[in-house]
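Good morning, and thank you for coming. Today I shall describe how parts of one structure fit together. Please look at the display before we begin.

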Amino acid sequence: MTSLWSVLWAAPAATGFAMLFNVRKRALPIVAAIAVLARFVSDYGKDQGLPIVASDFIAAFIVGAIAYALGPRTGEASPVYAFAPVIPLIPGAVIAEALTSLMAWITSDRTDEAQAAADFIAAASSGFTAAAILLALCLGAISPTLLMPRTRTPED
Amino acid sequence: MVPVTDSPTDSPTDPQRVQLEAILQTALDMGVRVQMCGGYTARVRATTQRVALALGAERAETWVSSGNIGLAVYRGGWSRTSVRNTPTLGVNFTELSQLSQLSKRSGQLTLDQLREQMAQITGTAKRYPLSLVVVMLGVSCGSFAALFGADAAGIALAAAGGSAGAWLRHEMVRRQFKPFIYCLFAALLSASVVLGPSALTTTTQQAVTASILYLVPGVPLLNGTADLLTSNYLNGVVRLTRASVILLGATLGLALALLVWGYA
């Protein structure tokens, strides 16, 4: 079940990155709010049985659409609202599993062939999943810009 | 051999030529700044062309790579071309937003007014203090740990590791180390800060993963994807390759820390 308290952690997570990207102070609360919404959508999608790649794509697409609509109205370039809020969607657990399995496979002495094979498959599976999620996040955040009407330019 | 003539139109001081040169350099300045602030290729191209046309060029053609921008402007039978390097400056979305707004108004401004306002933007777009950014990146890493389900000690360790690594990365960037090297050492330090006192937490794995996430190359990844999807394939591949190198450095740093602290 999606916990509102847990998704609130997305706000400080995105705000730190927004400050690294030198986003203006007045835009920081909006960035934080979009990040919380994105994390909520992602967690809710997973709760409803969607694959993690699909739920993260939908969340990132919503971020991209909000950024595209909000940017020009608030005098900000759309990446201000599109980039930092997507970062809390990064799949830490999947990346950790991939790294742990990879390290176990690399450092094993191969006396237990079955375990070594299991570690390798776990590392490859988690690694590919993490890569697919990253791709989904990037595509989701950028896609709304590609669907823009001709009256808008990439500058918006 | 054709003799060189000193006709008025060939003179470097010819008003038409001087004006076209000023348009060229101003539009190029704008494109270079947009690229340096973190704009993707289509944005850089659109801004450069918009400014050149607004200032009076009849036609403007751009060539944008990951490290250079070229522009050719045409007017009244004349053409001028120039290429400029775009050194890495670090992402600056405040300046990017201000430059975007300025380029949209460029049709209502004279060349001198535009140059003056550009200088104002680049001179006044302040950054947050380094200490604040380092602390906030630590807070980000702590928040990631919380999102991954870490306990309170794990959150605190991830925050401390993230801040320490972010500070080291800044110092190494200042000393002009390459991305692979500074990401490797920053990840090694961050993970070590978590793994050293890992007895304090029961969620070491979540904390150590979160502690290096400040190294995620978000802007190169997103800009690279944007470039690929807007048919700027070469620049897209370059940006994604840069992101891959950063990720590889961070991964190796983490793997090294796991080996050093006996977790592998």
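Two residues are in contact if their C-beta atoms, placed from the backbone, lie within 7 Å. Please also keep in mind that this is a predicted model.

With that definition, we may turn to the place where the chains meet. How many residues does each chain give to the contact? Chain A contributes 41 residues, and chain B contributes 46 residues. On the side of chain A that touches chain B, the elements giving two or more residues are α2 (10-20), α5 (79-82), α6 and α7 of chain A. The largest share of that side comes from α6(A), with 9 residues. Sorted by class, the side of chain A that touches chain B holds 29 nonpolar, 9 polar and 3 charged residues.

Let us stay with helix α6 of chain A, which covers residues 92-107. At 1.5 Å a residue, its 16 residues should span 22 Å, and its end C-alpha atoms are indeed 22 Å apart, so the two values agree. Among the buried residues of α6(A) are A:Val94, A:Ile95, A:Leu99, A:Leu102 and A:Trp105; the list also includes A:Glu97 and A:Thr100. Against what do the buried residues of α6(A) pack? Within chain A, they pack against α7 (113-146). From chain B, their partners are α5 (130-147), α8 (204-211) and α10 (233-260).

I now move to a pair of helices in chain B. The axes of α1 (residues 15-37) and α4 (residues 111-124) of chain B come within 11 Å and cross at roughly 25 degrees. Angles under 35 degrees count as roughly parallel, and α1(B) and α4(B) are therefore roughly parallel to each other. Their crossing is left-handed. On the α1(B) side, the contact is made by B:Ala22, B:Ile23, B:Thr26, B:Asp29, B:Met30 and B:Arg33. On the α4(B) side, the residues are B:Leu111, B:Leu114, B:Arg115, B:Met118 and B:Thr122. The residues of this contact divide into 6 nonpolar, 2 polar and 3 charged.

Finally, consider one residue, B:Val83, in strand β3 (residues 78-85) of chain B. Is B:Val83 buried or exposed? B:Val83 has 12 other C-beta atoms within 10 Å, and a residue with 12 or fewer counts as exposed, so B:Val83 is exposed. Leaving aside neighbours within four places in sequence, B:Val83 is in contact with B:Asn68 and B:Gly70. B:Glu171 lies 88 residues from B:Val83 along the chain, and their C-alpha atoms are separated by 31 Å.

Note on methods. Residues numbered from 1 in each chain as written. Chains lettered and ligands numbered in written order. Predicted model: local features only at pLDDT ≥ 70, side-chain atom pairs only at ≥ 80, totals over all residues. Helix = DSSP H or I, 4+ residues; strand = E, 2+ residues; numbered from the N terminus. Expected span 1.5 Å × (residues − 1). Buried ≥ 20, exposed ≤ 12 C-beta atoms within 10 Å, placed from the backbone. Nonpolar A, V, L, I, M, F, W, Y, C, P; charged D, E, K, R; others polar. Axes fitted to C-alpha atoms, helices over the stretch in contact; angles between N-to-C directions. Parallel < 35°, antiparallel > 145°, perpendicular 65-115°, else oblique. Left-handed = near helix turned anticlockwise from the far one by under 90°.
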